[in-house]
Amino acid sequence: MVHGGFFVGRGIGAAASALVLVCCGGCQPAAYTTSPTPTIVATGPDIEPTYECVPSVASAGDSTPSPTPTVCSRETYLRQEALNAAYVEAEGQLQKFHEAEALLAQGDAAGQEPLRGVTTPEIYDEVAGQYATDLAEGYRFEGSDIALRSVYRYPDRAPRSVVALQACTDFRNTVLMKKSKVVRPGRTVVRALSFQRVDGVLLVSNIDVLDEPC
């Protein structure tokens, strides 16, 4: 489900306040890092490898120091390795989501099928349906760039999903049009996207618009 407003579209009072997903430098969401590489601290024919793991941390961008790796069990290492792989998969899906959404935002229906491939049916219906409604009413974005500028891993929301990402969207090189008239300049939006695994594939299953600087 999409919460907190849908598009970066019409905005004021409508379900059009925050769907197009693009990030800008300077966002300050949570981040997740992990060091899945085991470190061997002994030598000899019967050594047991020692693993180092990096805990998930809240991040304030580049100002937050990197967490210190600590010795962990093989089981913890394997869990973090699997989680890291899931984040990498989700980041790839997010990029596809962005590319499909950017097409829809500019009135191009070619974004529908790629969007279907990276979202649950509920999210697809909400996103594609709202863009179709806005397009039918004459709304679209025009401009040189709708850019995905930064993405952060968001462990605080992970209990509700396999993984979650926080992304910041920059529409400032576009203008929102209604037919031939400029409604307003483009703006930036921050959203949290949760992912669930469906038939073996991570899909966007929830979108929350966040009251965060971008």
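**Figure 1. G143 meets T174 where strands β4 and β7 pair.** In this predicted model, G143 stands opposite T174 in β7. The two residues give us a good place to begin, since β4 and β7 pair in the antiparallel sense. Five bridges hold the record of that pairing between β4 and β7. Strand β4 covers residues 139-143, and β7 covers residues 174-178.

**Figure 2. Strands β4, β7 and β8 form an open sheet.** Step back a little and three strands come into view, in the order β4-β7-β8 and with antiparallel pairing. Which strands are at the edges? They are β4 (139-143) and β8 (181-185), each of which pairs on one side only. Neighbouring strands of this sheet are turned against each other by 35° on average, direction ignored.

**Figure 3. β7 and β8 make a hairpin.** Here β7 and β8 run antiparallel and are joined by four bridges. Two facing pairs can help you find your way: L176 stands opposite R184 in β8, and K178 stands opposite K181 in β8. Between the two strands of the hairpin there are two residues. Look for K179 in this hairpin, where the residue takes a positive phi near 60°.

**Figure 4. R172 sits in the loop between β6 and β7.** The loop that holds R172 runs between β6 (163-170) and β7. Is R172 buried or exposed? With a relative accessible area of 51%, R172 is exposed. The side chain of R172 makes a polar contact of 2.8 Å with the side chain of D170. P185 is another residue to look for in this view: the C-alpha atoms of R172 and P185 are separated by 6.7 Å, although the two residues are 13 residues apart along the chain.

**Figure 5. Y51 and Y77 form a stacked pair of rings.** A pair of aromatic rings is described by the distance of the centres and the angle of the planes. Rings count as a pair if their centres lie within 6.5 Å, and as stacked if their planes are under 30 degrees apart. By this rule the count comes to one aromatic pair. Why is the pair of Y51 and Y77 stacked? The ring centres are 4.6 Å apart and the planes are at 25°, so Y51 and Y77 are stacked. Y51 lies in strand β2 (residues 51-53) and Y77 in helix α1 (residues 74-105), so the pair ties together parts that are 26 residues apart in sequence. Both tyrosines can be placed by their accessibility too: Y51 counts as buried at 11% relative accessibility, and Y77 counts as buried at 9%.

**Figure 6. Helix α1 runs for 32 residues.** This view follows α1, the helix that holds Y77. From its first C-alpha to its last, α1 reaches 46 Å, close to the 46 Å expected at 1.5 Å a residue. Just after α1 comes G107, which takes a positive phi of about 85°.

**Figure 7. R116 lies over the face of Y124.** In this close-up, look for the ring of Y124 and then for R116, which lies over the face of that ring. The distance from R116 to the ring centre is 4.2 Å.

**Figure 8. N206 and D208 are joined by their side chains.** The last view shows N206 in strand β10 (residues 201-209). N206 is buried, with a relative accessible area of 13%. A polar contact of 3.0 Å joins the side chain of N206 to that of D208.

Conventions
Residues numbered from 1 in each chain as written. Predicted model: local features only at pLDDT ≥ 70, side-chain atom pairs only at ≥ 80, totals over all residues. Heavy atoms only, no water. Phe/Tyr/Trp six-rings, centres within 6.5 Å; stacked < 30°, edge-to-face > 60°. Buried < 20%, exposed > 50% of the residue type's maximum accessible area, 1.4 Å probe, protein only. Lys NZ or Arg CZ within 6 Å of the ring centre and 35° of its normal. Polar contact = N/O pair within 3.5 Å; in protein donor to acceptor, adjacent residues only side chain to side chain. Pairing = 2+ DSSP bridges. Axes fitted to C-alpha atoms, helices over the stretch in contact; angles between N-to-C directions. Expected span 1.5 Å × (residues − 1).
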